[in-house]
Amino acid sequence: MKLLVDMSSLLWQSLLAAKDKEYGYEVDFEGKPTHVNGWQFGLECATAHLVLVMRELNITPADVVLVVEGKMSKARRKAIYSGYKDGRGGRPAEAYVEFEKCKDAIVSLFGNLGATTVTQQGVEGDDVIAFLANNITGEKVILSRDGDMTALIGPETALWQNGMLTRANKYGPFSTSKTAVYKALVGDSSDNINGAPGFGQRAFLDLLVWAGEPGLAALEGMIQRRTLHELQDDVAEFKPLRKIIEGAESVYVSYEVACMHPEWINTERNPLIVTPGRIVSEDQITDDHLRKYALPTGAAARDV
């Protein structure tokens, strides 16, 4: 089993878990005093979380893949839709500094216990995780709070969210493979994806009852071919289709942005950067919870 860790999700969750009274400090952000937690606090929280998950899954750091998002990660989706992820609340510059320090500390700590680190510039971590889920054989568990990961659930792929292993579709009673269709129609406010204006979650569930899973598959084909006008003959039977037809251009763009794009990963011009882990001796590991994964004191480090 491999644990694929969405590092951005894990680190922000850890850095924002509570108010850090030991390492935290106040900064001025947009004219208001704002508390920023120290990277040490984030490291403690992230390590505790990973140790818990590893224990529950009965795996070691050598089974962990840390997916680190590269620079300009939103560039490709921004090229498709300039408003992608606009409107999200900002954070002080100091918070991003602490994030980077925390990331480096986690990568170093778990990398010295056998964890592999992967990254690629110009793409989001979601797409890298999709690529890994498609190409790593055997069981995979994705550690992320991101709802987009729902699309990757399959016979050999589960999510670890909210403290538990799950294969449930958080968006409704339909195949997780149709998550992008759902977002193309309903939208996703967290990523500023518009969907079809006026076509909400209730309309999608009504569509599911009316057309079933085969209907969703047929609709996805029309989106991919950009032929939603073909729905015109069915409007009399299911009137909400009119909103899909009228919002077709928005649906096409929303679908392209909502889809995972593993085909963007590990290309000739933009290769995936893989850093294998190595296991060091326990005297080089300061965290008491992690020493059991190290080699005996004085032993020479070995590559995984």
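In what order do the seven strands of the open sheet run? In this predicted model, the order is β8-β7-β6-β1-β4-β5-β9, and the pairing is mixed. At the edges stand β8, residues 164-166, and β9, residues 273-275, each of which pairs on one side only. On average, neighbouring strands of the sheet are turned by 25° against each other, direction ignored.

Allow me to turn to one end of that order. Strand β5, comprising residues 116-120, pairs with β9 in the antiparallel sense, and three bridges join the two. Within this pairing, T117 stands opposite T275 of β9.

A helix also belongs in this picture. Helix α5, residues 125-135, packs on the sheet and touches five strands: β1 (2-6), β4 (64-69), β5, β6 (140-143) and β7 (157-161). The direction of α5 makes about 150° with that of β4.

I come now to the pockets. The largest pocket has a volume of about 1300 Å³. Which residues lie closest to its centre? Of the 41 residues in the lining, they are S8, W12, E69, K85 and R88.

Several elements already mentioned return here. Strands β4 and β5 and helix α5 each supply at least two residues of this lining. The helices α1 (7-15), α3 (75-80) and α4 (93-111) likewise each supply at least two.

Finally, how many residues of each class does the lining of the largest pocket have? There are 20 charged residues, eleven polar ones and ten nonpolar ones.

To close, I would draw your attention once more to β4, β5 and α5: helix α5 touches both of these strands, and each of the three elements contributes to the lining of the largest pocket.

Terms used. Residues numbered from 1 in each chain as written. Predicted model: local features only at pLDDT ≥ 70, side-chain atom pairs only at ≥ 80, totals over all residues. Heavy atoms only, no water. Pairing = 2+ DSSP bridges. Helix = DSSP H or I, 4+ residues; strand = E, 2+ residues; numbered from the N terminus. Axes fitted to C-alpha atoms, helices over the stretch in contact; angles between N-to-C directions. Contact = heavy atoms within 4.5 Å. 1 Å grid on protein atoms, 1.4 Å probe; cavity = no way out; pocket = protein on both sides within 12 Å on 5 of 7 lines; lining within 4 Å. Points joined across faces, edges and corners; volume = space filled by probe spheres on them. Nonpolar A, V, L, I, M, F, W, Y, C, P; charged D, E, K, R; others polar.
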